[in-house]
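Me: I am new to this structure and would like a close look at a single part of it. Please begin with the chain as a whole, and then take me slowly through one helix and what lies around it.

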Amino acid sequence: MEKTTCIVVGAGPAGSACALSLSRKGIDTILLERGRTPGEKNVSSFVLFMTELKRLIPEWEEDLPVERNVVRTDQAIFTGNDIKMITSYNYDKIDDPITFTAFRRRFDAWFAKKAKDAGAELITGMTVTDLIKDKGRVIGVRVGDEELYADVVVGADGYYSSVGEKAGLITEWDPARCTLGVKEVLDLPPEVINERFQVSDGLGCEMGLWHYNYGKLSFGGTTLYTNTDSVSLGIFARVGELKEKNVKLHDELDKLKQHPFIHNFIEGSTLREYQAHIISHGGRIKPENLYGDGVLLCGEAGGLMDTASGMGVPTCMTSGLMAAETIDLAVKKNDFSAGTLKNYLKFLDTTSMLDMVHESKRYSDSLVGNNAGRANYMADIADSYNNYWNADYMSKDYHPLFLNLYLKAGKFFVPSLIRWIVTPIVKGFSLYKKTVEKIKRKIRSRFYEWKKQYDS
Ligand SMILES: Cc1cc2nc3c(=O)[nH]c(=O)nc-3n(C[C@H](O)[C@H](O)[C@H](O)COP(=O)(O)OP(=O)(O)OC[C@H]3O[C@@H](n4cnc5c(N)ncnc54)[C@H](O)[C@@H]3O)c2cc1C
């Protein structure tokens with residue numbers, strides 16, 4: 001009977017971070033991956049945020065496989081036929097990059113190799129089909145007919161976590177609590193990318209395009225990222241809503257490609273790759289379901305994902321590291337029961353993970369519960385600007401910009417208690433001003449009429 005201290009299932013960002021950290025601590029670890037190579041089956045758009053990775057692998061510059069250093073971020077907000085842009089530059093970060101575009105196939109293979117180099121046993125082409133239990137406690141995994149035993153099993157096997165399900169920690173799959181992402185990688189010569197996106201060799205940009213489907217879907221996020229000689233175009237929507245409204249996301253992607261704003265960037269490109277994957281909503285799983293006897297969940301398997309930003313790689317890696325800290329404690333106590341593994345929550349709480357999960361849950365609730373509400377706050381802001389640009393000062397229909405911003409976007413940003421007090425005051429003040437103006441106008445016109453009569 002083969003037995004080790006820890007089996008990590010899944011060599012994505014969460015699993016490799018966990019295995020790397022465990023191996024550095026000298027804890028025997030097997031990292032099991034179903035793909036022939038790590039990353040083969042994995043999908044991101046993919047902007048790689050560097051803060052956590054730099055801390056974990058300070059010598060990353062030697063061989064990290066990346067595409068372009070992201071020096072500009074554009075947020076384009078679609079409102080009907082109109083688009084508003086917010087652009088920010090990171091040129092001060094050229095020598096100390098904070099984000100790169102990358103491909104999961106290359107990144108995951110690189111990251112898993114770091115875990116292997118640190119001492120983890122990486123076994124690929126192995127799909128975990130079941131857990132082995134003894135009196136309810138997880139003591140190993142089944143890979144087809146083979147059995148592998150361990151003191152603790154970490155489920156880092158992504159959204160459809162079989163570890164989470166077989167351990168009884170995940171009991172429901174709610175389509176409202178996940179997003180589908182559909183992505184195309186489109187080949188374009190580097191010089192064409194440089195010219196169209198106004199970047200230079202090695203430097204790139206990411207565009208977040210919001211509310212492309214405004215009015216049709218509550219969440220219409222799309223992304224366009226520059227790679228070395230290709231661009232990645234993705235579109236996202238909540239699975240529950242796609243089902244409810246019978247919308248096919250690949251059709252929406254085809255339509256998006258025809259939009260003049262997008263078309264100008266991708267014209268003449270050729271399709272290299274088509275990918276689709278589910279992203280879970282953060283807070284999908286209750287914290288007390290992240291651990292059990294002999295088992296922990298991290299990364300997407302545990303719903304440890306930032307719903308609002310759509311970023312998962314840094315959060316999933318961080319949770320993998322905290323799972324490793326928990327296992328280190330369990331090894332020292334020689335106790336792998338839920339009572340000890342519960343410390344996972346304490347370790348997560350030394351990071352921003354639990355706060356992030358809480359906020360993500362709130363954001364997810366607002367998407368599920370209120371289609372036309374918070375999800376569209378960015379479009380609301382853009383609408384307010386629209387009114388500003390389209391102001392017709394010759395008509396009487398004047399909308400002060402800041403009042404509009406407050407009344408539209410304020411419902412998202414201002415806490416409800418303050419809103420209940422401030423909104424009637426703001427509305428009352430605006431009504432008072434309008435009424436006073438109306439009375440003044442009436443008095444003025446009466447005066448002019450009287451003056452005309454008097455003069456004649
Ligand atoms: C379209 C899209 C775009 C995204 N863009 C970004 C982005 O730009 N930046 C960002 O930070 N995040 C992004 N994300 C989120 C990010 O991809 C995920 O949050 C992250 O990959 C989760 O990491 P993970 O290690 O938990 O799971 P995964 O990356 O899903 O890895 C799980 C691993 O487990 C393996 N596995 C699964 N089941 C088994 C099994 N039974 N046995 C053995 N192995 C198994 C899989 O093959 C895989 O390697 C995006 C997601 C999507 C879908």
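Reply: The accessible surface of the protein chain comes to about 22300 Å², and 53% of that surface belongs to carbon and sulfur atoms. The model is a predicted one, and within it the protein chain holds 15 helices and 17 strands. Of the 456 residues in the protein chain, 51% are buried. Among the contacts with a separation of 6 or more, 70% are accounted for by residues that stand 24 or more positions apart.

The part to look at closely is helix H3, which is made of the 14 residues 104-117. At 1.5 Å a residue this helix should span 20 Å, and because its end C-alpha atoms are 19 Å apart, the expected and the computed values agree. Beyond the end of H3 comes glycine 119, which has a positive phi, near 125°.

H3 has a number of buried residues, namely Arg104, Phe107, Asp108, Trp110, Phe111, Ala112, Lys114 and Ala115. What covers these buried residues includes helix H1 (13-24) and helix H2 (51-56), together with strand E2 (29-32) and strand E3 (47-49). The cover also includes strand E7 (121-123) and, from further along the chain, helix H9 (313-333).

One buried residue of the helix deserves a second look, since it carries a charge. Side chains of opposite charge can pair when their charged atoms come close. Lysine 114 forms a salt bridge with aspartate 63, and the closest N and O atoms of the two are 3.2 Å apart. This pair links distant parts of the chain, since lysine 114 belongs to helix H3 while aspartate 63 sits in the loop between H2 and strand E4 (69-79), 51 residues apart. The two partners do not share one level of exposure: lysine 114 has a relative accessible area of 15% and is therefore buried, whereas aspartate 63, at 38%, is partly exposed.

To set this pair in context, the count for the model comes to 23 salt bridges. Another of them joins arginine 272 and aspartate 187, whose side chains meet with 2.7 Å from N to O. Arginine 272 lies in strand E15 (residues 270-280) and aspartate 187 in strand E11 (residues 178-187), so this bridge ties together parts that are 85 residues apart in sequence. Here both partners are partly exposed, arginine 272 with a relative accessible area of 37% and aspartate 187 with one of 25%.

A salt bridge can also be found within a single helix. The side chains of lysine 255 and glutamate 252 meet at 3.0 Å, N to O, and both residues lie in helix H7 (residues 249-258), where they are 3 residues apart, about one turn of the helix. Lysine 255 is partly exposed, with a relative accessible area of 42%, while glutamate 252, at 3% relative accessibility, counts as buried. Elsewhere, Lys25, Glu325, Asp328 and Lys332 are linked in a network of salt bridges.

Strand E11 offers another buried position to compare with those of the helix. Cysteine 178 is found in this strand, and with a relative accessible area of 3% the residue is buried. Leaving aside neighbours within four places in sequence, cysteine 178 is in contact with Tyr159, Arg238, Val239, Ile278, Ile279, Ser280 and His281. For one of these, valine 239, the C-alpha atom is separated from that of cysteine 178 by 6.0 Å, although the two residues are 61 residues apart along the chain.

Some of the strands are joined in hairpins. Strand E8 (residues 130-134) and strand E9 (residues 137-143) run antiparallel and are joined by 5 bridges, with aspartate 134 having arginine 137 in E9 as its bridge partner. Between E8 and E9 there are 2 residues, and lysine 135 in this turn has a positive phi of about 50°. E9 also pairs with strand E10 (residues 146-155), in the antiparallel sense and over 4 bridges, and valine 141 stands opposite leucine 148 in E10. In this second hairpin, again with 2 residues between the strands, glycine 144 takes a positive phi near 65°.

Finally, a look at the surface: Leu417, Ile418, Trp420, Ile421 and Ile425 form a nonpolar patch there, with about 590 Å² of accessible area together. Leucine 417 lies in helix H15 (residues 416-455), and at 59% relative accessibility this residue counts as exposed.

Key. Residues are numbered from 1 along each chain as its sequence is written. This is a predicted model: local features need pLDDT of at least 70, side-chain atom pairs count only at pLDDT 80 or more; totals for chains, interfaces and linings use all residues. Side-chain values use heavy atoms; hydrogens and water are left out. The expected span of a helix is 1.5 Å times one less than its number of residues. Buried means under 20% relative accessible area, exposed over 50%, partly exposed in between (1.4 Å probe, protein chains only). Contact means heavy atoms within 4.5 Å. Patches are made of residues with over 30% relative accessible area and no salt bridge: like charges are joined within 9 Å, nonpolar side chains (Val, Leu, Ile, Met, Phe, Trp, Tyr) within 5 Å. Accessible areas come from the Shrake-Rupley method with a 1.4 Å probe; for residues, only the protein chains shown count as cover. A salt bridge is a side-chain nitrogen of Lys or Arg within 4 Å of a carboxyl oxygen of Asp or Glu. Two strands pair if DSSP finds at least two bridges between them.
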